[in-house]
Amino acid sequence: MTGVLRPGHAQIRVMNLEEGVHHYRDILGMTETGRDDQGRVYLKCWEEYDHSSVILREADSAGIDFFAFRVLDNATLNKLEADLIEYGLPTTRIPAGELLETGERVRFTLPSGHDIELYAEKTRIGNGLGGINPNPWNEGAEKGIAPLRLDHCLLYGPNVMEVQKIFEDVLGFQLVERSLTPDGEANMGIWMTCSNKVHDIAFVEHPEPGKLHHLSFLLDSWEKVLRAADLMSMNDVPVDIGPTRHGITRGATIYAWDPSGNRFETFMGGYTVYPDSEVLTWTFEGLGEGGGLDFAQRKLHESFLTIVT
Ligand SMILES: [Fe+2]
């Protein structure tokens, strides 16, 4: 891994800031790491080393403002920006410090309508365990559902095949799994990695641009996914699907909604991807009856294709 390293941060819109903070900090169990003069709230998962991974912005509508990837260094950032421009995608430089504790960002808009950012610098504040003989987990920081990290997102918008080409040809991502359109002629859904994870970002074809399907947070066991379901129920968090397993990516999952209607996922599992891994294909029927979405129930929950923010 030398180019794009991992998902870094997502800025999402919530309709009531304190309700959003209560959800992400107190129920999901992220740590609040700052607030800026625009009123945005910054949070990190306990195991993340960098300053923040979720930024909440109060707005009149829910959804995602941008999703960002951390790249190796500033030389990589400059190279990827030049490659994006050469490919025909205009970029914008956002100055260091516009987001707290974050360096300069390169932003561009995908043909799906999503703003994606790349950056090389964000202050490391660590997971509280130190680097010498560390404990395996942080008793003080692990609270609520307590995911390890922001793992990936699923975005909905048009032109998924063009998006795939940009991630493959410019950003160095690898297609891991895909689902086909009903006629089998094109990819309706793509699951892509910049690492050896089963996915770092995914897209599904959708007529409205720029939509968020879910932000996903990683847990380290199936038992913790079930515990997350308990905590959702105990805290009146509306659940969409699960606990169950996706056939696609093999992730064990719960889909649920934050108070503004943004879907989030708590999940574990998946498998290791190598550069020579074969792309796995799901037919349109396979997404539902084949268990792609819900392997236990083998049905295409209507909300999967219709509810986005
Ligand atoms: Fe997911």
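Helices (H or I, at least four residues) and strands (E, at least two) are DSSP runs, numbered from the N terminus. This is a predicted model, in which local features need pLDDT of at least 70, side-chain atom pairs count only at pLDDT 80 or more, and totals for chains, interfaces and linings use all residues. Residues are numbered from 1 along each chain as its sequence is written, and side-chain values use heavy atoms, with hydrogens and water left out.

**View 1. Two spans carry the UniProt annotation "domain: VOC".** The annotation comes from an unreviewed entry and covers residues 6-121 and 149-269. UniProt positions are given in the numbering used here, feature names are shortened, and annotations may be inferred rather than shown by experiment. Residues 6-121 are 22% helix and 39% strand, with end C-alpha atoms 13 Å apart. Residues 149-269 are 19% helix and 47% strand, and their end C-alpha atoms also lie 13 Å apart.

**View 2. An open sheet is built from 8 strands.** Their order is 2-3-4-1-5-8-7-6, with mixed pairing. Two strands pair if DSSP finds at least two bridges between them. Strand 2 (31-35) and strand 6 (92-94) each have a single partner strand, so one side of each edge strand lacks a neighbour in the sheet. From one strand to the next, the twist averages 25°. Strand 5 (residues 63-71) and strand 8 (residues 115-119) are parallel partners over 4 bridges. R70 has Y119 of strand 8 as its bridge partner.

**View 3. Helix 1 and helix 2 lie across strands of the sheet.** Helix 1 (residues 17-27) crosses strands 1, 2, 3 and 4, at about 145° to strand 2. Helix 2 (residues 74-87) crosses strands 1, 5, 6, 7 and 8, at about 145° to strand 8. Axes are lines fitted to C-alpha atoms, for helices over the stretch in contact (heavy atoms within 4.5 Å). Angles run from 0 to 180 degrees between N-to-C directions.

**View 4. Three residues donate to the iron ion.** The protein donors are H152 (NE2), H214 (NE2) and E265 (OE), 2.1 to 2.2 Å from the ion. Donors are N, O and S atoms within 2.8 Å of the metal (3.2 Å for Na, K and Ca); water is not among the atoms, so sites may look incomplete. The sequence spacing is H-x61-H-x50-E. H152 sits in strand 9 (residues 149-157) and H214 in strand 13 (residues 211-218), so the pair ties together parts 62 residues apart in sequence. Both H152 and H214 are buried (under 20% relative accessible area; exposed is over 50%, partly exposed in between; 1.4 Å probe, protein chains only).

**View 5. G270 lies in a loop.** The loop runs between strand 16 (263-269) and strand 17 (280-282). G270 is partly exposed, at 28% relative accessible area. Not counting residues up to four places away in sequence, G270 touches V198, T249, R250 and G251.
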